[in-house]
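Subject: Structure handover

Hello,

Here is the structure I said I would pass on. Below it are my notes on what was found.

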Amino acid sequence: MFPGTYVFTHKDGQAQHLFQHILPHTLSHQRRTEAHLNVTNSIGPPMIVPHLLPTYQWKPVEQPDVSFIPNGVKESNRKRRRNNHSQNDLKRQRFGSPGPHNQPYRNANFTSQPATAPVTSRETCSSYSSVPTCSSATSKPGGCVPSLREGSHQSAIHPSSVNDKLSQQILDLFHACEQQNDDLEKKEHCRAALQRDIQTIFPCARVFLGGSSLNGFGSRSSDADLCLVIEEGMVHRRTDAVYVLSRVRKLFYTLSYIERPQLIRAKVPILKFRDRVSGVEFDLNFNNTVGIRNTFLLRTYAYVEKRVRPIILVIKKWASHHRINDASRGTLSSYTLVLMVLHYLQTLPEPVIPCLQMDYPECFNPKMDIHLVPSGPSNIPAFVSKNQSSLGDLLLGFLKYYATVFRWDKHVISVREAKTLPKTSCKDWRDKFICVEEPFDRTNTARAVHEKAKFEAIKAEFTESYQVLQLRKDLNFILPLKNTRPKR
């Protein structure tokens, strides 16, 4: 769910407001804070938190406008010292331990402490939050998106949406496969331990959980996406990402709870690894803050209408079964699939969902301070659609749309504007088989589909599944349910 790297700049907001309000971490027996963008699930007596990892709480910034800093405005006292050093020395000073040319960022989300040795065992790491939780003072009643403490509970769907066999199959599969709170806890525990260990080599680093783990579309078998954010100066998108992730990989070899670290040197470098404790597979990217923004945009779509989560989960399972849901193999990423479904639901004659970025631009401002992003959509109400189609009808309509209606060679899918855009000659769309606009940075999320054979295979699956499902009206004919449900 991380389509491209992005770097913190002054355009992302005032650096002095990022991850403020360091508070002691104590949890009462009655309080349960669920992990959401690294908000920890834990129940129990007060815990002693390692000194390197302070916990935060979301609080409104008491300024009239914190959405962004105008272009060209720079903080004072932030000039990099430049002496006669080599380029490699400057790179090491930028990301290494504090030194004369690399003092810890004074307003970073970390209280400077002496670096300690990595924690090689997960057992010594307590679970705690790395990101502020939404204060009740900042949330108003009536929002459709669950708060960070409410989890991902799916409220009951209207009976008219499950009035046939196919719809009931979709709903049953959703309930069997949707991510549970304990699945999220496992990912959060690993994230918290990783953050502590990574801070021994990058003291100002923060590790954020994102993607399907938090956006409402995750399943029990979903991998986890992590974003490593280092706030010290500008970085080159690819070369510095490779440098940082290479150092992290070297660290991972010393950690007993991490296995199989593998650095993928792609356009967007990724460090893949497995958590021995939970068995969860992780993808770690570097400075991809746009991934945090789209996580909460998608989370809002997930809860703005009750039919969205079941239909998307089943479509992801269908695509995976037919082997067209793997960007590393030249097919569709899960993020692209989700955007394709949202686009279809937005563009029906009677839309099932609204266009959130057009209806609530202030909640999804791409210039919004990153620490305000999770609470941005907290007050958006549920969408009441005049379209009361069943889950089965929506699945069939989705397959039909991309099999017979959508013009792959002419159109760009835009969830940002809830319509198709004309395919222009710009580099993101030129000579691309599938064009899906990323809602924030407007790049092509489907750029992985670069082979004509793979593109034709994707179209063929849509056509064949539509024809079969239209005739049979039984999900088993396009997605064997027995093999899809998780084994308990």
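A network of salt bridges links E259, R260, R274, R276 and E281. The model is a predicted one, and every value in this email is computed from it. Two members of the network also face each other as strand partners: E259 in β5 is bridged to R274 in β6. Strand β5 covers residues 258-264 and strand β6 covers residues 270-275; they run antiparallel and are joined by five bridges. The connection from β5 to β6 is a hairpin of five residues.

Other salt bridges

Side chains of opposite charge can pair when their charged atoms come close. Across the whole structure, the search gives 18 salt bridges. Three of them are described here.

K165 pairs with D474, with 3.0 Å between the closest N and O atoms. K165 belongs to helix α2, while D474 sits in the loop between α11 and α12 (481-484), so this pair ties together parts that are 309 residues apart in sequence. Are the two partners buried or exposed? K165 is exposed, because its relative accessible area is 52% and the cut-off for exposed is over 50%. D474 is buried, with a relative accessible area of 9%.

R191 and E188 form a salt bridge through their side chains, at 2.9 Å from N to O. These two residues are three apart in helix α3 (residues 181-198), so about one helical turn separates them. Both R191 and E188 are buried.

E305 and R307 make up the third pair, and their closest N and O atoms are 2.8 Å apart. E305 has a relative accessible area of 10% and is buried. R307 is buried as well, at 3% relative accessibility.

The chain as a whole

The chain has 488 residues, and 56% of them count as buried. Its secondary structure amounts to twelve helices and nine strands. The accessible surface is about 21,700 Å², with 51% of that belonging to carbon and sulfur atoms. Among contacts in the chain with a separation of 6 or more, 74% are between residues 24 or more positions apart.

Nonpolar cores

The largest nonpolar core contains 70 residues, and the ones with the most contacts inside it are I311, M340, L345, F398, Y402, I434 and L475. Two or more residues of this core come from each of α2 (165-177), α6 (289-304), α7, α8, α10 (391-405) and α11 (452-472). Helix α8 supplies the largest share, nine residues. A separate core has 33 residues, including I201, F202, I230 and L271.

What does I311 touch, not counting residues up to four places away in sequence? The list is I170, V341, L345, L391, L394 and L395. One of these, L345, is also named among the residues with the most contacts inside the largest core.

The loop between α7 and α8

N325 lies in the loop that runs between α7 (308-321) and α8 (334-346). N325 counts as buried because its relative accessibility is 17%, and the cut-off for buried is under 20%. A polar atom of the N325 side chain is 3.1 Å from the backbone oxygen of L332. With neighbours within four places in sequence left aside, the contacts of N325 are K316, A319, S320, T331, L332, S333, S334 and L337.

A close approach in α11

T463 is part of helix α11. Its C-alpha atom is 4.8 Å from that of A403, although T463 and A403 are 60 residues apart along the chain. T463 is partly exposed, with a relative accessible area of 28%.

A second hairpin

Strands β8 (residues 411-414) and β9 (residues 419-422) run antiparallel and are joined by four bridges. Within this pairing, I413 has T420 in β9 as its bridge partner. The hairpin formed by β8 and β9 has four residues between the strands, and A418 in the turn has a positive phi of about 55°.

Regards

Conventions
Residues numbered from 1 in each chain as written. Predicted model: local features only at pLDDT ≥ 70, side-chain atom pairs only at ≥ 80, totals over all residues. Heavy atoms only, no water. Pairing = 2+ DSSP bridges. Buried < 20%, exposed > 50% of the residue type's maximum accessible area, 1.4 Å probe, protein only. Contact = heavy atoms within 4.5 Å. Areas by Shrake-Rupley, 256 points an atom, 1.4 Å probe, with all protein chains shown as cover. Polar contact = N/O pair within 3.5 Å; in protein donor to acceptor, adjacent residues only side chain to side chain. Core = buried A, V, L, I, M, F, W, Y, C linked by side-chain atoms within 4.5 Å. Salt bridge = Lys/Arg side-chain N within 4 Å of Asp/Glu carboxyl O.
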